[in-house]
Amino acid sequence: MDAAPATLAAAVAVVLAVVASVPVLLGLLSASAGGKKTNPKAPLPPGSFGLPFIGQTLSLVRALRANTADDWLRRCVATYGSVSRLRLFGCPTAFLVGTTANKFIFTSAGVTAKTPESFARMVGRRTIRDVVGDEHRRVRAMMVQFLRVDAVKRHVASMDGEVRSHLDAEWRGRGTVAVMPSMKSLTFDIMCTAIFGLRTGAVRRELWTEFQELVRGIWAVPVNLPFSTYSRCLAASQRGRRAVAGVIQERRTKLERGESSPASDVVSLMLSEGLPDEEIIDNVMFLMVAAHDTTAALLTFLIRQLDADKDAYDKVVQEQEEIARSKAAGEALSWEDLGKMRYTWAAALETLRMVPPVFTMMRKTVEDVEYGGYLIPKGWQVIHAANMTQWDPAIFPEPGRFDPARFENASAVPPFAFVPFGGGARVCPGNEFARVETLVAVHHIVTRFRWKLAAGCDRSFSRFPLPYPSQGLLIDIEPIQK
């Protein structure tokens with residue numbers, strides 16, 4: 001991007017952020033002041049709120065896009081310690097670092113999920129992230145029925161079929177592949193088949209098209225101006241919601257006719273449990289965004305890492321080829337096969353440690369809380385950064401070295417030091433689903449193709465908000481002759 005357009009875009013973003021923040025200014029100021037009055041003995045965390053309204057938002061966004069956010073956060077820790085305050089996206093924010101901080105964020109009853117306004121407008125306000133108490137437990141129980149181990153076991157064969165079909169259509173016969181777009185398409189298809197019961201067809205193609213547009217606006221400034229990126233993404237969200245509403249009506253009709261059961265897919269289950277249509281739409285939209293982007297990032301960066309580490313690549317290939325030799329031609333992988341992929345999964349976990357798909361977890365306080373001797377007032381944002389513990393040399397020696405052996409004995413990793421799937425009662429219900437689709441995809445990729453980075457493609461990547469490699473990680477591929 002040229003300097004002038006980039007500068008203009010930044011200036012426009014600043015103006016829009018200020019305009020959007022004006023209505024909540026008094027609330028933010030009173031939150032800060034009110035916290036001090038609630039407990040005058042506990043000070044606010046050290047730090048600075050920075051510029052009015054904007055705070056450190058633009059500085060952090062620039063660091064994320066330049067992939068220097070780790071250094072940005074380390075400077076903050078070096079200056080203020082493991083607990084500090086700043087202002088992000090118009091809100092006073094507490095930044096917490098360390099395993100104790102991770103545990104606090106994932107287990108404290110005084111801290112709950114914080115959904116950015118742009119995300120809420122795109123996806124909905126009644127998702128599993130947003131509801132609390134009994135309603136949260138109710139929705140989570142519905143989703144877990146399709147994500148727990150016994151349910152995931154039933155989907156191994158369908159995931160295997162989706163991976164084979166994708167590689168046949170998008171990799172076979174080609175010399176070059178952009179990995180990230182390919183993996184996003186693959187994981188979206190797997191999710192549609194396994195969780196929503198959407199096989200190939202017009203509805204799935206429509207949802208894929210709309211969701212690729214929608215996700216571009218999740219972190220945009222939530223001001224709906226004509227011809228803006230946010231406006232286009234909001235329109236895509238509305239079209240996607242209409243498509244999901246059509247799926248809901250189709251499943252309702254099938255349930256009424258006795259042509260399906262609540263166990264058929266998560267939409268049918270939510271209907272049978274009496275969840276309102278709007279809430280079903282919100283949760284379907286949320287799952288479609290959350291359930292494929294993070295796994296796509298993991299697969300992409302694992303392929304990137306195996307390209308750079310021949311020893312790890314050889315070990316993964318050896319493990320997968322042993323499994324492939326035990327299968328008949330065209331036979332799908334089984335649950336038992338996945339249990340033999342210990343080194344492959346250790347390599348995936350080490351990839352998650354080095355390049356966590358979710359850079360920071362944003363939450364908010366629902367009451368005044370104390371942490372580390374400091375008061376965090378009600379209504380503040382609370383964030384942590386996975387890299388602060390996952391790149392801590394005191395926990396993971398030589399953190400810049402790719403070493404899957406770190407995870408061959410999972411019990412050796414200190415609690416809350418490695419949190420790619422959350423922790424405590426807030427652990428991601430889809431972690432087993434992600435593990436299975438990752439292993440199935442890696443098996444077929446490494447047993448069917450060899451690859452290397454394409455000429456002119458470097459190993460750099462940026463974040464906003466998820467990591468995205470240069471050129472989508474362009475690789476030259478060669479089929480393995482059998």
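How many bridges join β9 to β12, and in which direction do the two strands run? The legends below take this predicted model one close-up at a time.

**View 1. β9 and β12 pair in an open sheet.**
5 bridges join β9 to β12, and the two strands run antiparallel. One facing pair can be picked out here: Lys452 stands opposite Asp476 in β12. Strands of a sheet pair through backbone hydrogen bonds, either parallel or antiparallel.

**View 2. The open sheet has 3 strands.**
Read across the sheet, the order is β4-β12-β9. The pairing is antiparallel. β4 (176-178) and β9 (449-453) stand at the edges. Each edge strand has a single partner, so one side of each is left without a neighbour in the sheet. From one strand to the next, the twist averages 35 degrees.

**View 3. β4 meets strand β12.**
β12 covers residues 474-479. 3 bridges join β4 to β12, and these strands run antiparallel. Follow the partners residue by residue. Val177 has Ile475 of β12 as its bridge partner. Helix α18 (residues 431-448) packs on the sheet, where it touches β9 and β12. The direction of α18 makes about 90 degrees with that of β9. Back at the β4 edge, the bridge partner of Thr176 is Asp476 in β12. Asp476 also has Lys452 standing opposite. In a regular strand the side chains alternate between the two faces of the sheet.

**View 4. Helix α10 has the length expected of a helix with 13 residues.**
α10 runs over residues 202-214. At 1.5 Å a residue, α10 should span 18 Å. The C-alpha atoms at its ends are 18 Å apart, which agrees. Which residues of α10 are buried? They are Arg204, Leu207, Glu210, Phe211, Gln212 and Leu214. The cover over these buried residues includes α6 (117-123), α8 (149-170) and α9 (179-194). It also includes α11 (229-257) and α13 (277-308).

**View 5. α10 packs against α13.**
Two packed helices are described by the angle between their axes and the distance between the axes. For α10 and α13, the angle is about 75 degrees. Their axes are 11 Å apart. The two helices are therefore roughly perpendicular to each other. On the α10 side, the contact is made by Leu207, Trp208, Phe211, Gln212 and Leu214. On the α13 side, Met285, Met288, Val289 and His292 make the contact. Leu207, Phe211, Gln212 and Leu214 are among the buried residues of α10.

**View 6. Thr295 sits in helix α13.**
Is Thr295 buried or exposed? Its relative accessibility is 4%, so Thr295 counts as buried. What does Thr295 contact, leaving aside its neighbours within four places in sequence? The contacts are Thr187, Ala434, Glu437 and Thr438. Arg172 is 123 residues from Thr295 along the chain. The C-alpha atoms of these two residues are separated by 22 Å.

**View 7. A salt bridge joins Arg126 and Glu279.**
A search of the whole structure finds 29 salt bridges. Side chains of opposite charge can pair when their charged atoms come close. In this close-up, the side chains of Arg126 and Glu279 meet at 3.7 Å, N to O. Arg126 lies in the loop between α6 and α7 (133-147), and Glu279 lies in helix α13. The pair therefore ties together parts that are 153 residues apart in sequence. Arg126 has 41% relative accessibility and counts as partly exposed. Glu279, at 7%, counts as buried.

**View 8. Asp311 and Lys315 pair within helix α14.**
α14 covers residues 310-325. Asp311 and Lys315 lie 4 residues apart in this helix, about one turn. Their side chains meet in a salt bridge of 3.5 Å, N to O. Asp311 is partly exposed, at 47% relative accessibility. Lys315 is partly exposed too, at 37%.

**View 9. Glu170 forms a salt bridge with Arg174.**
The closest N and O atoms of this pair are 3.6 Å apart. Glu170 is partly exposed, with a relative accessible area of 33%. For Arg174 the value is 44%, so Arg174 is also partly exposed.

**View 10. Salt bridges can link up into a network.**
Which residues are linked here? Glu250, Arg251, Lys254 and Asp265 belong to the network.

Key
Residues numbered from 1 in each chain as written. Predicted model: local features only at pLDDT ≥ 70, side-chain atom pairs only at ≥ 80, totals over all residues. Heavy atoms only, no water. Pairing = 2+ DSSP bridges. Axes fitted to C-alpha atoms, helices over the stretch in contact; angles between N-to-C directions. Contact = heavy atoms within 4.5 Å. Expected span 1.5 Å × (residues − 1). Buried < 20%, exposed > 50% of the residue type's maximum accessible area, 1.4 Å probe, protein only. Salt bridge = Lys/Arg side-chain N within 4 Å of Asp/Glu carboxyl O. Parallel < 35°, antiparallel > 145°, perpendicular 65-115°, else oblique.
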